[in-house]
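Biologist: Could you walk me through how the labels on this model are decided? I'd like to see the sequence and structure first.

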Amino acid sequence: MDIDRSILIVVLLLGSGFIAAFYNGLRVARNSKELPYFLMRRSELIKGWRWIGIAAFLGLIAILAQSFGREAVYIVFPPTPSLTPTGTQTQTPTITLTPTITPTSSITPPATVTFTPTISPTPALPADLTVLLQETTTPNPDAVFSGVVFSRQINNSIQPVSPSDAFTNPVPRLYGAFSYNNLTDGVRWSAIWQHEEMGIVCVESQIWDGGTGGYGYTECEPEIWYPGEYVVQLFFAETWKVSGRFTIVGNPPTATATPPPDTNGD
């Protein structure tokens, strides 16, 4: 057992004695008031104060032991310095291995395939639409659109019904719903629907009259929904604001030929 643990045990014992003596003194002094004779009351009261004095002495000893116990032990039992091990032998490497051959790669495989994205990461308004931008109203630079959410239907509150980012042919018409804020009436807005390989399939471009904030949508119903990935880009004036993506799965339905009318009267 080390010195610190021994001092802790002594302090705990003294503290326990302090509590027991103080409690016993209070009990004896309190019970002395119930005795019928003065001499007996005084005798018991003196006994109670004696116990309280013993408790105070034990508490003082506990504080001194906690504060100066280590120093007192070192005065009685001076610590003995311990030996510090010193290395007596130093090993010196005598052989240093030096590589004599450095392998050099003689063939560098050239890159054979360079991936080119089909859709520009920074969308721009098609040139044939920029000629329509003849409005004199200045667009608000703080105009924002939310992300576009796609569905086959929208409700009366212009909210998408069963939204999804993947649709299986046949698909008659799709809606792209969004919210907006800080828009300016009188400024042209445009929605460009593009297939990853076939290019533009739908274009919606008109003067904005929906107010500064609320919910809106764009719709597209091409003759054929080709399978693959589509992107919808929203522009306010010439500035691209947001894009949304969805996928069409499955081949489009095959058109059924209509038989000609019977001219023989059968």
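Modeller: Sure, strands first: they are DSSP runs of E with at least two residues, helices are runs of H or I with at least four residues, and both are numbered from the N terminus. This is a predicted model, so local features need pLDDT of at least 70 and side-chain atom pairs count only at pLDDT 80 or more, while totals for chains, interfaces and linings use all residues. Residues are numbered from 1 along each chain as its sequence is written, and side-chain values use heavy atoms, leaving out hydrogens and water.

Biologist: Where is the place of Asn-169?

Modeller: Asn-169 sits in the loop between S5 and strand S6 (174–181).

Biologist: Why is Asn-169 called buried?

Modeller: Buried means under 20% relative accessible area, exposed over 50%, and partly exposed in between, using a 1.4 Å probe and protein chains only. Asn-169 has 12%, so it counts as buried.

Biologist: What is Asn-169 in contact with, leaving aside neighbours within four places in sequence?

Modeller: Contact means heavy atoms within 4.5 Å. Asn-169 has such contacts with Trp-225, Ile-248, Val-249, Gly-250, Asn-251 and Pro-252.

Biologist: How do you know that S5 pairs with S11?

Modeller: Two strands pair if DSSP finds at least two bridges between them. Three bridges join S5 to strand S11 (residues 239–249), so they pair, and they run parallel. Ala-166 stands opposite Thr-247 in S11.

Biologist: And what makes S10 and S11 a pair?

Modeller: Nine bridges join S10 to S11, so the pairing rule is met, and here the strands run antiparallel. Phe-235 has Trp-240 in S11 as its bridge partner.
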